[in-house]
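Visitor: Could you walk me through reading a helix pair and a loop residue?
Guide: Gladly; let us look together.

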Amino acid sequence: MKSLCLVRHARAGWKSGVASDFERPLDPQGREDAALMARRLRDYAFWPEVLVASPATRTRETAAIFAQALGCSAANIAFDEEIYTTDLEGLVTILRGLQEDSARALLVGHNPFITILAEWLSGERLHTIPPCGLVALEFPDLISWQEIAPASGRMLFYDHPGKQ
């Protein structure tokens, strides 16, 4: 069985001197939200064996905060440029390429496609995952990441900073 947690990067801002969307860092609220949601993920006892993230500054920072809270080395985060530039098909390809011996994975990405992917995997309508929102899915019939398919996952939890 495989499990996956999808995380939308935390809130980012435009600092002076930031030349592009790719370089936008987390703002103070984003850093606080990332720490909160990383603790919540730890409270859910979701311990990923593999962490994959977009290399954009805000996703790198979000992933590092999650890694620290979950006791993972930030050096073990795999950064994949495709997460920043791709669509649903590309994200599915990334998931299908995950290490087969990994049962639990965490992917930090961007909207709209992190929401579209969560909906595609779960078969549920989420509308939009807010900044630093997370959706965890379980795939009871999945032996290989190669078998990921529409509505093949069962939602374990959906959480975000504004949820009480």
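**Reading a helix pair**

Guide: The crossing of α4 and α5 is right-handed. Keep in mind that this is a predicted model.

Visitor: At what angle do helix α4 and helix α5 pack?

Guide: Helix α4 (residues 88–96) and helix α5 (residues 113–122) meet at about 65°, and their axes are 9 Å apart. Angles of 65 to 115 degrees count as roughly perpendicular, so α4 is roughly perpendicular to α5.

Visitor: Which residues make the contact?

Guide: From α4 come Leu88, Leu91, Val92, Leu95 and Arg96, while α5 brings Phe113, Ile114, Ile116, Leu117, Trp120 and Leu121. Ten of these contact residues are nonpolar, none is polar and one is charged.

Visitor: Is there a general idea behind reading such a list?

Guide: Yes: an α-helix has 3.6 residues a turn, so residues three or four places apart point the same way.

Visitor: Which residues of α4 are buried, and what covers them?

Guide: The buried ones are Gly90, Leu91, Val92, Ile94 and Leu95. Their cover includes β1 (2–8), β2 (50–53), α3 (81–85), β4 (104–109) and α5. At the N-terminal end of α4, Asp87 acts as a cap, with a side-chain oxygen 3.2 Å from the backbone nitrogen of Glu89.

Visitor: Now the loop: is Ser144 buried or exposed?

Guide: The cut-off for buried is under 20% relative accessible area. Ser144 has 15%, so Ser144 is buried. Ser144 sits in the loop between β5 (134–139) and β6 (154–159).

Visitor: What does Ser144 touch?

Guide: Leaving aside neighbours within four places in sequence, Ser144 is in contact with Lys2 and Glu100. A polar atom of the Ser144 side chain also lies 3.0 Å from the backbone nitrogen of Gln146.

Key. Residues numbered from 1 in each chain as written. Predicted model: local features only at pLDDT ≥ 70, side-chain atom pairs only at ≥ 80, totals over all residues. Heavy atoms only, no water. Axes fitted to C-alpha atoms, helices over the stretch in contact; angles between N-to-C directions. Helix = DSSP H or I, 4+ residues; strand = E, 2+ residues; numbered from the N terminus. Parallel < 35°, antiparallel > 145°, perpendicular 65-115°, else oblique. Left-handed = near helix turned anticlockwise from the far one by under 90°. Contact = heavy atoms within 4.5 Å. Nonpolar A, V, L, I, M, F, W, Y, C, P; charged D, E, K, R; others polar. Buried < 20%, exposed > 50% of the residue type's maximum accessible area, 1.4 Å probe, protein only. Polar contact = N/O pair within 3.5 Å; in protein donor to acceptor, adjacent residues only side chain to side chain.
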